[in-house]
Amino acid sequence: EFPRLVYSATRETMQVEPANASKVMTTPQAKADIFRNQYRSIHSRVLRNKLFMPPFLHRASSTAAPSQHFSLTAIDSLRASGERCCVLGLLVRLPSGEYGLEDLVGTVTISLASAQLTSGMFTENTFVLAEGVMVDSVFDVEYLAMPPPEKAPASMLALGSAVDPYGGALSATDAARVAAAQADDPSDLIVLSDVWLDKPETYA
């Protein structure tokens, strides 16, 4: 059985959750723990990206500094900022029916009226990067993007975990099957909705 991993914000690495921690029936706190674990893991990955890395860290490494540097702002600091900010948060639908962003410290109503979207699939309950300004207690989003990806070897190097969160090394047979599938895959994404498997017309 593959171990369940949780992200430790203090150690900034993945840790194995105790075996007796997994339960079929969990408490409501478990849902909040999933969100918190995902947010912290994605947050650390974003900060390792060269666009979010402080310039002095670029000078200390062989990586060339990008022409533009971004920094993340917590939602509870948006109102005090008064400037263009970049926020990492969960895209949610608020009780009022409006869209909002949620992080570990707060929630803010957002406006997507003039937002420019980068490539990606933006759905509710998806972690996104939003850049914009606060206007009358509403975060006016100018750019909406997905968190930057990171290659598995780079993640493993940064996490320094003894447990591979990607499932471990592939066997020669599995590696060959993956290579063959990737060669044949046109990389098209097909999204289906309202598929009723209990109706014969679905299979027609």
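The following exchange concerns a predicted model and takes up a helix, two cysteines and the pairing of strands.

Biologist: How many Å does helix α1 reach from its first C-alpha to its last?

Modeller: Helix α1 covers residues 29-48 and has 20 residues. At 1.5 Å a residue a span of 28 Å is expected, and the value computed from the predicted coordinates is close to that, namely 29 Å.

Biologist: Which strands do the buried residues of α1 pack against?

Modeller: The buried residues in this helix are F35, Y39, I42, S44 and V46. Their packing partners, given with their residue ranges, are β1 (5-8), β3 (85-93), β4 (99-102) and β7 (126-135).

Biologist: Why is there no disulfide between C85 and C86, and how far is the sulfur of C85 from the closest cysteine sulfur?

Modeller: A disulfide requires two cysteine sulfur atoms within 2.5 Å, and a search of the whole structure finds 0 disulfides. C85 counts as buried at 5% relative accessibility, and C86 is likewise buried, with a relative accessible area of 8%. For C85 the closest cysteine sulfur is the one in C86, and no bond is possible because the distance between them is too far, at 8.8 Å.

Biologist: Which residue of β8 is the bridge partner of S111?

Modeller: Strand β5 (residues 107-111) runs antiparallel to β4, joined to it by 3 bridges, with E102 opposite T107 and a hairpin of 4 residues joining the two strands. With strand β8 (residues 138-145), by contrast, β5 pairs in the parallel sense over 2 bridges. In that strand, the residue bridged to S111 is D140.

Notes:
Residues numbered from 1 in each chain as written. Predicted model: local features only at pLDDT ≥ 70, side-chain atom pairs only at ≥ 80, totals over all residues. Heavy atoms only, no water. Expected span 1.5 Å × (residues − 1). Buried < 20%, exposed > 50% of the residue type's maximum accessible area, 1.4 Å probe, protein only. Contact = heavy atoms within 4.5 Å. Pairing = 2+ DSSP bridges.
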